[in-house]
Amino acid sequence: MSKPIQGEMMYEGKAKRLYATDDPNLTIMEYKDSFTAFNGEKRAEMTGKGRLNNAISAEIFEYIKENGVPLHFVEKLDELRQLAVRVKILPLEVVVRNITTGSIVKRLGVEEGKRLPRPLLEFYYKDDALGDPIVTEDHALLFGWATEADLAEIKKITLRVNELLQKLFEPLGIVLVDFKLEFGKDRDGRLILADEISPDTCRFWDSSTGDRLDKDRFRKDLGNVLGAYEEIWRRLSGRKK
């Protein structure tokens, strides 16, 4: 099978660029070296970040794909790029929380670091200008952002991904605290997992020390940001050895 030819850039986001290909059903995602936080108010460039997120995300996608999760990922092309199925992204982000930290502590005044008896799912409306506000399922239904069938499938896939990721990272000494997922629909209207799964979109804590191994190191000025990403990749890539 010949490799698709990269065409013009269709979209540039905070962390990735999307390119058209000579196949209308496929796109190329290119990971950037950019860091952003607080809806883009804090920004930085760190050489090597794109390479790490591409490698980590591709490894995770391969793993969950092997376990039957429908997703847009096709293959890793090189250090910065992935080939993916072209989808129309739903304007919803799904956040899964296993342990309390971040915005939920500020919003609800709950204890930091509390392990929840079951995963907590939250929906957010994708709109940078509004700060990606938290929304209910009724919001999604009544404003036409998703159907009841979409929401049921999203929740089913999300809980399955949470289960798989915990099984993947627990033996590596990494606690999966929380993470964000995005979904899209392919040309046949099939709902599939999209975007990326990386230290940009997940909170990872070292199970022994509690050290943050994710983008919180950038958000909170904890230092050694790329070192944390390198550590995630070192453990993840080394598990097969």
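In this predicted model, the residues of helix H6 that are buried are Val225, Ala228, Tyr229, Glu231, Ile232, Arg235 and Leu236. Viewed along the axis of H6, these buried residues stay within an arc of 155°, so they line one face of the helix. A general feature of helices helps in reading such a pattern: an α-helix has 3.6 residues a turn, so residues three or four places apart point the same way. H6 itself runs from residue 225 to residue 238 and has 14 residues. From its first C-alpha to its last, H6 reaches 20 Å, close to the 20 Å expected at 1.5 Å a residue. What lies over the buried residues of H6? The cover includes helices H1, H4 and H5 (216–219), together with strands E4 (34–37), E11 (174–185) and E13 (202–206).

One of these covering elements, H1, spans residues 49–66 and contains Lys49. Is Lys49 buried or exposed? Its relative accessibility is 1%, and because buried means under 20%, Lys49 counts as buried. The side chain of Lys49 comes to 2.7 Å from the backbone oxygen of Ser34. Setting aside residues up to four places away in sequence, Lys49 touches Ala15, Lys32, Asp33, Ser34, Phe35, Asp200, Leu226 and Tyr229. Among these partners, Tyr229 is also one of the buried residues of H6.

Another covering element, H4, is made of 22 residues, numbered 148–169. H4 reaches 32 Å between its first and last C-alpha, close to the 32 Å expected at 1.5 Å a residue. Its buried residues are Asp150, Leu151, Ile154, Ile157, Thr158, Val161, Asn162, Leu164, Leu165, Leu168 and Phe169.

Attention now turns to the interior. In soluble globular proteins, nonpolar side chains tend to be buried together. Here the largest nonpolar core has 48 residues, and the members that touch the most others are Ile64, Val161, Leu165, Phe169, Leu193 and Ile197. Which element gives this core its largest share? H4 does, with eight residues. Leu193 offers a detailed look at one of these well-connected members. Apart from its neighbours within four places in sequence, Leu193 is in contact with Phe61, Ile64, Val69, Pro70, Leu71, His72, Val161, Leu181, Glu182 and Phe183. Two of those partners, Ile64 and Val161, are also listed among the core members that touch the most others.

Two loop residues are worth a visit as well. Asp132 sits in the loop between strand E9 (115–125) and strand E10 (134–135), and its phi is near 50°, a positive value in a residue other than glycine. Asp221, found in the loop between H5 and H6, also has a positive phi, of about 55°, although it is not a glycine. Which of the two is buried and which is exposed? Asp132 is buried, with a relative accessible area of 13%, whereas Asp221 is exposed, with a relative accessible area of 63%.

Finally, the view widens to the whole chain. Its secondary structure comes to six helices and 13 strands. Of the 241 residues, 49% are buried. Among contacts with a separation of 6 or more, 57% join residues 24 or more positions apart. The C-alpha atoms fill a box of roughly 50 × 45 × 35 Å along the principal axes. The radius of gyration is 17 Å, which agrees with the value near 18 Å for a compact globule with 241 residues.

Conventions: Residues numbered from 1 in each chain as written. Predicted model: local features only at pLDDT ≥ 70, side-chain atom pairs only at ≥ 80, totals over all residues. Heavy atoms only, no water. Helix = DSSP H or I, 4+ residues; strand = E, 2+ residues; numbered from the N terminus. Expected span 1.5 Å × (residues − 1). Buried < 20%, exposed > 50% of the residue type's maximum accessible area, 1.4 Å probe, protein only. Polar contact = N/O pair within 3.5 Å; in protein donor to acceptor, adjacent residues only side chain to side chain. Contact = heavy atoms within 4.5 Å. Arc of directions from axis to C-beta. Core = buried A, V, L, I, M, F, W, Y, C linked by side-chain atoms within 4.5 Å. Rg over C-alpha atoms; globule rule 2.2 N^0.38 Å.
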